Amino acid sequence: MVSLSWHAPATLAAMLFIIGLIGLLARRSLIFVLMSIEIMLNAAGLLFITAGMRWGNPQGQIMFIFVINLAGAELALGLILLLRLRNRLTTLDGDAANRLRDVQA
Amino acid sequence: MNHLLWLVPASPLMGATILGLCGTMLPARAAAIIGTASVGIAAFIAILIGLHWYAAAPPSHILIQHLWTWLTLPGLTVDISLYLDPVALLMMLVITIIGTLIHLFSTAYMAGEAGYSRYFAYLNLFVAAMLLLILASDLLVLFVGWEGVGVCSYLLVGFWFQDAANGYAARKSFIVTRIADIAMLAGILLLAVKLGTLSIQPMLARATELWPHGGAWPTLAAGLLLIGGLGKSAQFPFQTWLPDAMAGPTPVSALIHAATMVTAGVYLVVRLHVLYLLAPDVLLAISIGAGITILLAALAALVQSDIKRVLAYSTISQIGYMFLALGVGAWSAGMFHFLTHAVFKALLFLSAGAIAMRLDHEQDIFKMGGLRTSLPLAFWSFLIGAASLAAVPIISAGSFSKEMILGAVWFAPGIGPGLWAAGLLGALITATYSFRVVFLVFFGPAHTPVTGRSGAPIAVPLVLLAAGSLLIGWLETPSFLGGDRLVMTLLHPVLGSPAPRSALAILVEAAGYIVPLLGIAIAYTLYRNGHWQRVAAAEPGALRRLLRTGFGFDALYEALLVRPFMALVRALRHDPVDHVVTLISAATLQLHHTLRRSQIGQIRRYAAWLMAGSIATIALLVFA
């Protein structure tokens, strides 16, 4: 068994998280925002697995399964909201949805 | 008869209540009858008690009538009870009898005025409060009466309140005396704390028991109470309110601002003279202040042109003589001068009122003149009053009492002769200014036509008071006129007897008799050569203006006290403390406006803040 240092996957997780974060902050399109969130979630999942490897604990992998499930459910809801927004505002720009009240009102 | 003592203050109080509650529904005649009769009943009972006293004085010359207990606190009980001793008896007789005469005079003087019943309600209330003041056995009850007379004085000075100047005069008299009353209240509280009782006789007994002669506590307590007395009696440095208080109706000036209320300070000192004997420094201050007051007020009276202002300054000066007597421990002489002064000053004011009634309320002495023939009754009564004020020897009451004071002052140790000289100089000026008024008003050509007529309500008080001014001095005569000692004998159980006089007193007496005649001669000479009239017509010089304004104390107090106070009032008008609270709310509002700008509904901005917050939290956990 190849003994892998935990540093490399942890660094990769941090980089993925930052990439996701920058995507979340920089992109206007809600599609990309959702994708960025997925990247950040995967970064978190990777960190769980890394931590499990570091301490020889399988619970990290169990948590990853949970995160994947959660991400799937969250994405389903997110896409529904996105479609609703698309129907209403005819745009995918998240900044356009900055009003609490109805636009037509 | 003695058990009816409570009726003496209660009867005027009842009159005031009836007139105050339903005075406007009563016809003027009924209001006059109720007002006068309620005081008349009090006078009647007072006279009966006095006669009873003369026949058989109660044991140890004290009559106490306990009415009820006002309040009971741990360590302090205040009873409302009436305490009658010879001093209070003398005061009670003077107040009720002169009060009745002045009420009678007022029925005619105030006829046809708006607020006729209101006037009598106030005047009755005043008499009730004054009687409560002198009959109180407890200092706190005395203070109630003290403030009561102050309120009535305020109401009556401002009786014609439609004129703003009268309202100002009323406020001035009230506020100046209030300032003095604060010191008095402090003195009363000090006595309550230190001696544990305010009931006057036990309190005085404890004071002599606990406090050494000349100690700090008796000096402080006596000094604080004295300030209250000086304020009420319009003595230096509180004398400024009395001349302005002449804005009230003339009978009010006669009763409140000459005969009774303004002598309350004298009464207070006499009532507490045991305490004052423990404080020789305060007594010295009293006599020096009295000397200053006598001369200041007499000089100011010399140049006034309003007849009532002359009388007001003369009142200040004459009360100065009373305080002079108190300062040297001649309590009975002070009380005797109070008695004669009450009679002749009431007479002078009522005469001035009788004159003003017939001259369409003219009060300027230079616009009168020649009234000797047209108003003979007013002339004779004013002449008798002025003679008494000037202390014309033998024939006037004022000379007997003033002689007694000057004689006592001469023998005072230390500064006695100096004070005596001040008193003598004051007597000279007094004679001059009182006869200046007599000559200018009653002699020479007439300037204002006389109208109307005076009835019995005017004549009866004038005649009775004039008779009193001539005769009342014979109650107490110097040795070469029989040596009657009726007042001294009456007051002896409370105040003790004055020291016997030595041989030098003859010269002192002689000076006291000659000086008033000299003063009258000066007044006559200056009248004959037209000096008074000339000076009045000419442009007044600096000295004259200074004297006319009573040595400019009004301007001094205006600059020193009133203006800074009004500046403070203006500063406080917009409530600076409130600004602190307003500032807090404004800061919160500003913060709200600032933070609201962050709530723009942009998801990315929120995410950025979320991120920043998380990083800050982690940094805090890692590095702290």
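**Exercise 1. Chain A: burial, fold and spread**

What percentage of the 105 residues in chain A do buried residues make up? Then describe the fold and extent of chain A.

*Solution.*

Step 1: set the conventions. This is a predicted model, where local features need pLDDT of at least 70, side-chain atom pairs count only at pLDDT 80 or more, and totals for chains, interfaces and linings use all residues. Residues are numbered from 1 along each chain as its sequence is written, chains are lettered from A and ligands numbered from 1 in the order in which they are written, and side-chain values use heavy atoms, with hydrogens and water left out.

Step 2: apply the burial classes. Buried means under 20% relative accessible area, exposed means over 50%, and partly exposed lies in between (1.4 Å probe, protein chains only). Buried residues account for 26% of the 105 residues in chain A.

Step 3: list the elements. Helices (H or I, at least four residues) and strands (E, at least two) are DSSP runs, numbered from the N terminus. Chain A has 3 helices and 0 strands. Its pattern along the sequence is α-α-α.

Step 4: test the spread. The radius of gyration is taken over C-alpha atoms, and the globule rule is 2.2 Å times the number of residues to the power 0.38. Chain A has a radius of gyration of 18 Å, well over the 13 Å that the rule gives for 105 residues, so chain A is more spread out than a compact globule. Its C-alpha trace spans about 65 × 25 × 20 Å along the principal axes.

Step 5: check confidence. pLDDT is the predictor's confidence in each residue, from 0 to 100. Chain A has a mean pLDDT of 86, with 90% of its residues at 70 or more. In chain A, confidence is highest in helix α1 (residues 7–26), at 92, and lowest in helix α3 (residues 59–89), at a mean of 89. Where pLDDT is low, the predicted coordinates should not be read in detail.

**Exercise 2. Chain B: overview and annotated spans**

Summarise chain B, then characterise its two annotated domains.

*Solution.*

Step 1: take the whole chain. Chain B comes to 27 helices and 2 strands. Its C-alpha trace spans about 115 × 60 × 55 Å along the principal axes. Of its 624 residues, 54% count as buried.

Step 2: read the record. UniProt positions are given in the numbering used here, feature names are shortened, and annotations may be inferred rather than shown by experiment. An unreviewed UniProt entry places "domain: NADH-Ubiquinone oxidoreductase (complex I) chain 5 N-terminal" at residues 70–120 of chain B. UniProt also gives "domain: NADH:quinone oxidoreductase/Mrp antiporter transmembrane" (unreviewed entry) for residues 136–412 of chain B.

Step 3: add the geometry. Residues 70–120 of chain B are 57% helix and 25% strand, with end C-alpha atoms 29 Å apart. Residues 136–412 of chain B are 76% helix and 0% strand, with end C-alpha atoms 31 Å apart.

**Exercise 3. Salt bridges**

How many salt bridges are there over all chains? Place three of them in chain B.

*Solution.*

Step 1: apply the rule. A salt bridge is a side-chain nitrogen of Lys or Arg within 4 Å of a carboxyl oxygen of Asp or Glu. The count is 6 over all chains.

Step 2: B:R271 with B:D85. The closest N and O atoms are 2.1 Å apart. B:R271 sits in helix α11 (residues 264–271) and B:D85 in the loop between β2 (76–84) and α3 (86–109), 186 residues apart. Both B:R271 and B:D85 are buried.

Step 3: B:R178 with B:E147. The N to O distance is 3.3 Å. B:R178 is in helix α6 (residues 164–195) and B:E147 in helix α5 (residues 139–157), so the pair ties together parts 31 residues apart in sequence. B:R178 is partly exposed at 30% relative accessible area. B:E147 is buried at 13%.

Step 4: B:K172 with B:D554. Their closest N and O atoms are 2.6 Å apart. B:K172 lies in helix α6 and B:D554 in helix α25, so the pair ties together parts 382 residues apart in sequence. B:K172 is buried at 13% relative accessible area, whereas B:D554 is partly exposed at 31%. A network of salt bridges links B:K172, B:D244, B:R309 and B:D554.
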